[in-house]
Amino acid sequence: MIAVACRVCEGPPAMPWSEIEGQERAVRLVRRALAKGELHHAYLVVGPEGVGKELLSRLVAQAANCESPETERPCGACVACTQIARGVFPDVFWVRPQSELVAKGLVNKGDLETAPSREIRVDEVRQLARRLAFALVRGRRKVAIVSPAETLNERAQNALLKTLEEPPPQTTFLLVTSAPDQLLATVRSRCARLPLGPLADEVVERKLLKQGVPPQEAKARAVASLGSLAKALTFTAEALGERNALRDQVRAALREPDERLALDLAEEHAERDPALAICDLWAAELHDELVAYGDGAHEGTQPLEALRALDHLKVVREGLLQNGNPRLQLERLLLGLRELRGEGAPRG
Ligand SMILES: [Zn+2]
């Protein structure tokens, strides 16, 4: 089973630096390294879902191999840039779990002997290492992009670690992850960090407007997406409506004197993804409160309460990601938020 996949281009082939927005820090870091010819042999491209981690990785691969003059790299138009965008450049390798290859239509489910694996396995890492051992075919630098890196299972991570400890020449690894804690500390310590943050609402809104989303909807989707363009793109009018209904349910569960609504809500959403959706939704709500407070537009909002609520939410979210019982985590979330509300005025 070939797991080192070409990546089918999802956008136009021309993708110069200006195409990535709102990630100035990470872009500055790699551009400086590229300009000095000092690209590190391994990076952890780390940040929330849907903020441009894979786009940045592709741009790095293009810039490192672009055939245009140095100041114009990546040009997005030369043979190397277009081949990398299409996923057919011989010195750039994408490694993904089978489940993602199937989801992206890069592999036929019927060609697999077993159900598509959600993990990147040791054989796939060994195969990558064998490919990287060859000399450059036509570029200046071999680039291996592993995404999402947290799907590497433990054996695969240990195999990768060996390669990272003795990196092949002229090679850069980009480990793309939104959950760096799920990688072995030994793997993380071998990588320089390229941190990407959530996108500003305006950036997401602008991208949606460019895609022809009506202004009011673009704004609502941008706010609801918590800085993730990928999420904003998947929100439909129907999904927004459902989301608003859920938000009203959470509001009611926090407001009612009785705990019953909160417990019912936790029971109704007792699976990981729906529970995470409630966390994200309420984080967006709290962000709105904080922004409104900053604007002086929101009487009676207690910023300290919102900040404490965000802290509490973060703890519950981590619990959910570490496979905590979703129902118990949601109960913990809602009852905790109720308690914070009940405390009323902020303490100094
Ligand atoms: Zn180019």
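## The zinc site

Cys78 has a relative accessibility of 12%, so this residue counts as buried. Keep in mind as you look around that this is a predicted model. Cys81 is buried too, with a relative accessible area of 0%. Both cysteines belong to the set that holds the zinc ion: Cys66, Cys75, Cys78 and Cys81 coordinate the metal, each through its SG atom, at 2.2 to 2.4 Å.

If you scan the sequence for these donors, look for the spacing C-x8-C-x2-C-x2-C. What is the arrangement of the four donor atoms around the zinc ion? The arrangement is tetrahedral, because the angles that the donors subtend run from 104 to 118°.

## The second largest pocket

Next, a pocket to visit. The second largest pocket has a volume of about 360 Å³. It is lined by 15 residues, and those closest to the centre are Leu34, Ala35, Ala63, Glu70 and Arg73.

Which helix gives the most to this lining? That is H1, with four residues. Helix H1 spans 24-36 and helix H2 spans 53-65, and each of them supplies at least two residues of the lining. In chemical character, the lining of this pocket divides into seven nonpolar, six charged and two polar residues.

## Two cis peptide bonds

Most peptide bonds are trans. Here are two places to check for the other form. Arg73, one of the residues closest to the centre of the second largest pocket, is joined to Pro74 by a cis peptide bond with omega at about -5°. Pro74 sits in the loop between H2 and helix H3 (79-86).

The other cis peptide bond links Ser147 to Pro148, where omega is about -10°. You will find Pro148 in the loop between S4 and H6.

## Ala149 and its surroundings

The loop between strand S4 (142-146) and helix H6 (154-165) also holds Ala149. Is Ala149 buried or exposed? Its relative accessibility is 0%, so Ala149 counts as buried.

What does Ala149 touch, once its neighbours within four places in sequence are left aside? The contacts of Ala149 are Leu175, Val176, Thr177 and Leu183. Two of these can be placed in a strand: S5 covers 171-177, and the contacts of Ala149 include Val176 and Thr177. Ala149 can also be related to Leu44, which is 105 residues away in sequence, while the C-alpha atoms of the two are 8.9 Å apart in space.

## Ser225, a buried loop residue

Ser225 lies in the loop between helix H9 (215-224) and helix H10 (229-234). With a relative accessibility of 0%, Ser225 counts as buried.

Setting aside neighbours within four places in sequence, Ser225 is in contact with Val204, Lys231, Ala232 and Phe235. Helix H10 runs from 229 to 234, and the contacts of Ser225 include Lys231 and Ala232.

## Positive phi outside glycine

Most residues other than glycine have a negative phi. Gln170 has a positive value, with phi near 50°. Gln170 is placed in the loop between H6 and strand S5 (171-177), and at 44% relative accessibility this residue counts as partly exposed.

Asn323 is not a glycine either, yet its phi is positive at about 65°. The loop that holds Asn323 joins helix H14 (303-321) and helix H15 (326-342). Asn323 counts as exposed, because its relative accessibility is 63%.

Notes: Residues are numbered from 1 along each chain as its sequence is written. This is a predicted model: local features need pLDDT of at least 70, side-chain atom pairs count only at pLDDT 80 or more; totals for chains, interfaces and linings use all residues. Side-chain values use heavy atoms; hydrogens and water are left out. Buried means under 20% relative accessible area, exposed over 50%, partly exposed in between (1.4 Å probe, protein chains only). Contact means heavy atoms within 4.5 Å. On a 1 Å grid over the protein atoms alone, a cavity is a set of points where a 1.4 Å probe fits but cannot get out, and a pocket is an open set with protein on both sides within 12 Å along at least five of seven lines; lining residues have an atom within 4 Å of a point. Grid points are joined across faces, edges and corners, and a volume is the space filled by probe spheres set on the points. Ala, Val, Leu, Ile, Met, Phe, Trp, Tyr, Cys and Pro count as nonpolar, Asp, Glu, Lys and Arg as charged, and the others, Gly among them, as polar. Donors are N, O and S atoms within 2.8 Å of the metal (3.2 Å for Na, K and Ca); water is not among the atoms, so sites may look incomplete. Four donors count as tetrahedral if all angles lie between 85 and 135 degrees; four count as square planar and six as octahedral if opposite donors are over 155 degrees apart and all others between 65 and 115; anything else is irregular.
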